[in-house]
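Biologist: Before we discuss this model, could you show me the structure, so that I can ask what stands behind the terms used for it?

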Amino acid sequence: TALKQETSQCAYAISRFTERVSFAVKRTADDWDEPAAPEGGGGFTDAAMISIHCLRIYLDTTYRMTIDLLKEMPQISREIGLETADLPHPSTLCLAFDRIEMAVCRTLLQQSADLHDTGPIGAIDATFFERSPASRSYCNKTKYEVQDLKATKLIDTETNVILNLHCTTTREGSDADICKQLARKHAGELQVLTADRGFDCTWLREYLREDLKIRPLIKHCINKPYDHAHNARIDDDLYHQRSNSESVFSSIKRSLGVALRARAWYREFRELALMCAVYNIKKAAQREIPLPSGD
């Protein structure tokens, strides 16, 4: 009886997640209203492929296992728009990942954040994700040298939802430049932005305050005695909300993994963007946030 109840709860959680994935994908993919399965020699729609990839990340399974699980869950497949007999081959699902553009992944991330009622305070921080280990011959052939991918996330401190993402495999560019890029896209939404000393930059504070009308709460590096005074004037209650970004990173790595499975850097960027969207949608499903009526 306990096993049946646990299985039922798991199936219900997957169903809630898939319902919200489909809702977000409808606002992301241009072909969501087309038949998901190939007709007359055509291919699967991007909407169907994106939905299955989100499920793969949510379930933390391989391509083959994801398709096998969907065959055992016909109601989930129908939510995506596919019958079990129409599900793609695992190799087709893998190849479809190259067709999904990064811009589409970013749009899906934005739509997943829109499922929540976000607040006026944001926090920005960076972390590193491991790139999956590859064979020595593969590394030599593709010059696969970088072992970590740097991810900078802008989150909403009220809901711990990821608002935006920046990815890079290089060390070029400063954290302040990345912060400027992410904050500019959310001007008018944010009133306060918190960040640690890694983003300490005078011109960034001026840009946030004067151009974007965002109050910067960024700790000063202690280079001169008056830097202590600058830090003392920062509102501790607001600034300490910055730690929420670390909690978000920790939650993603615990539930969705610390390593990226993709090999090519552009696939890793897309995978990480989808992971962030899955994280947002998963939180909406867990909180049972109702979908907007009429959609």
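**Strand pairing and cores**

Modeller: The model is predicted, and a good place to begin is Thr194, which stands opposite Leu217 in strand S5.

Biologist: Why are S4 and S5 called paired?

Modeller: Pairing requires at least two bridges between the strands; S4 and S5 (residues 215-218) are joined by 4 bridges in the parallel sense, so they count as paired.

Biologist: What makes the crossover from S4 to S5 right-handed?

Modeller: The chain leaves S4, passes through helix H9 (residues 202-211) and reaches S5; with the strands pointing away from the viewer, a clockwise path is called right-handed, and this β-α-β crossover is assigned that hand.

Biologist: How do you know that S1 also pairs with S4?

Modeller: The threshold is at least two bridges, and strand S1 (residues 121-131) has 3 with S4, running parallel to it, so this pair qualifies. Within it, Ile121 stands opposite Val192.

Biologist: Why are the residues of S4 called buried?

Modeller: Buried means under 20% relative accessible area; Val192 and Thr194, which point one way, and Leu193 and Ala195, which point the other way, are all classed as buried, so each falls under that cut-off.

Biologist: What makes the largest nonpolar core a single set?

Modeller: Its members are buried nonpolar residues joined through side-chain atoms within 4.5 Å, and 60 residues belong to this core, with Leu82 and Leu272 having the most contacts inside it. Helix H13 (residues 265-286) supplies the largest share, 12 residues. Apart from this core lies another, of 21 residues, among them Ile178, Leu204, Leu208 and Ile214.

Terms used:
Residues numbered from 1 in each chain as written. Predicted model: local features only at pLDDT ≥ 70, side-chain atom pairs only at ≥ 80, totals over all residues. Heavy atoms only, no water. Buried < 20%, exposed > 50% of the residue type's maximum accessible area, 1.4 Å probe, protein only. Helix = DSSP H or I, 4+ residues; strand = E, 2+ residues; numbered from the N terminus.
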